[in-house]
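Have your viewer ready and the sequence panel open beside it. We will go from selection to selection, with a short note on what to look for at each stop.

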Amino acid sequence: VGAVNPTLLWRPDDETRVTVGFEYARAHQSPDTGIPFVDTGGLASVDRKTSYQSPLDDSLQNVYRVRFDAERKLAERFRLRNKFYYTEMSWESQGTLVSGVVPIPGAEQVARVLTILDDRQKICGDQLEAVVSFKTGPVRHDLLGGFEFTWLRDPFTQEVAFIPPVPLLDPVDNGGYPIVPVPPLGLA
C-alpha cells in the first residue's frame, strides 16, 4: 500500500484562492478467505492462521484523483466557489470464497469458488456555488446556492469459477488446475 498526495495553494490576491490537488494510491494484497462454518453452526475448530485460499488470490487497486478548487470574493458578503474533481480507479482482483464444508466423516472438505473482478471506474464532476453571508444580530448566516453535475462510468466484469475443494484440517492447494468461469454466476 502506498500513496502520494501533493497539493498546491495559490493566492494571486487577497480575494482569490486556488487549490490544485493530485492523489495516487496503490494497494496490492492477497485477499483473506477466512475460516469456514461447519454443520454445528460455528466456525471450524482450526488454528486461526489456517488458510483456505488458492494460489491465485491477488488484489490490485490503483486510484488517481485530481481536484481543482477556486474561490473568489466578489463583494464584502458575496463569494463564488468552483470545485472540479476527477477520479479514475482500476481494481483487478481474484479471491477465494468458502462455499461451505462438505461433512465427509474423517475427511471433511471445504468447498470453494474463485471470484474474478475487473473494475474500471471514472468519476468526473463540477460544483459551482454562490455564497451570501449576512448577520441577524450576533448570529452569522451563510446562504448557499448552486448546481453540480457528475458523470460516472463503471464498466466491470465479475466472474465466478469453481475450484477444487481442500481438506478442512490440512488445506494444501498447489494450484495447476484450469479456471473455467461459470457464466450464469457472473455479472457484467
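Start by selecting strand 5 (78–102) and strand 6 (109–136): each of them supplies at least two residues of a nonpolar patch. Strands here, like helices, are DSSP runs numbered from the N terminus (E, at least two residues, for strands; H or I, at least four, for helices). Before going further, note that this is a predicted model, in which local features need pLDDT of at least 70 and side-chain atom pairs count only at pLDDT 80 or more, while totals for chains, interfaces and linings use all residues. Residues are numbered from 1 along each chain as its sequence is written, and side-chain values use heavy atoms, with hydrogens and water left out.

**Stop 1: the nonpolar patch**

Now select L74, F78, L80, V132, F134 and L143, which form the patch on the surface and have about 490 Å² of accessible area together. A patch is built from residues with over 30% relative accessible area and no salt bridge, joining like charges within 9 Å and nonpolar side chains (Val, Leu, Ile, Met, Phe, Trp, Tyr) within 5 Å. Areas come from the Shrake-Rupley method with a 1.4 Å probe, and for residues only the protein chains shown count as cover.

Zoom in on L143, found in strand 7 (residues 139–153). Is L143 buried or exposed? L143 counts as exposed, at 53% relative accessibility; the classes are buried under 20% relative accessible area, exposed over 50%, and partly exposed in between (1.4 Å probe, protein chains only). Its bridge partner is another patch member, V132.

**Stop 2: strand 6 and its partners**

Colour strand 6 and show the backbone. Two strands count as paired if DSSP finds at least two bridges between them. Strand 6 pairs in the antiparallel sense with strand 5 over 24 bridges, with strand 7 over 15 bridges and with strand 8 over ten bridges.

Next, look at the two turns. The hairpin of strand 5 and strand 6 has six residues between the strands, and G106 there takes a positive phi near 80°. Strand 6 and strand 7 form a hairpin with two residues between them, where G137 in the turn has a positive phi of about 70°.

**Stop 3: R112**

Centre on R112 in strand 6. Its bridge partners are V98 and, in strand 8, I163. R112 also forms a salt bridge with D173, the closest N and O atoms being 2.8 Å apart. R112 lies in strand 6 and D173 in the segment after strand 8, so this pair ties together parts that are 61 residues apart in sequence. Both R112 and D173 are buried.

**Stop 4: more salt bridges**

The rule for a salt bridge is a side-chain nitrogen of Lys or Arg within 4 Å of a carboxyl oxygen of Asp or Glu, and the count by this rule comes to eleven.

Select E92 and R120, whose closest N and O atoms are 2.5 Å apart in a salt bridge. With E92 in strand 5 and R120 in strand 6, the pair ties together parts that are 28 residues apart in sequence. E92 is partly exposed at 39%, and R120 counts as partly exposed at 33%.

Then try D142 and R140, which meet in a salt bridge at 3.1 Å, N to O. D142 is partly exposed, at 46%, whereas R140 counts as exposed, at 52%.

Finally, select R17, E71 and R79, which are linked in a network of salt bridges. R17 stands opposite E71 in strand 4. Strand 3 (residues 16–29) and strand 4 (residues 58–75) pair in the antiparallel sense over 14 bridges. Strand 4 goes on to pair with strand 5, also antiparallel, over 17 bridges, and these two form a hairpin with two residues between them.

**Stop 5: the nonpolar core and P167**

Which residues make up the largest nonpolar core? Select I35, V38, A44, V46, Y52, V101, V110, V166 and L168 to see its nine residues. Such a core is a set of buried Ala, Val, Leu, Ile, Met, Phe, Trp, Tyr and Cys residues joined through side-chain atoms within 4.5 Å. Leaving aside neighbours within four places in sequence, L168 is in contact (heavy atoms within 4.5 Å) with several residues, among them P36, V38, Y52 and V110.

End at P167, which belongs to strand 8 (residues 156–167) and is partly exposed, at 32%. Outside its neighbours within four places in sequence, P167 is in contact with Y52, E108 and Q109. For a last look across the model, draw a distance from P167 to N5: their C-alpha atoms are separated by 45 Å.
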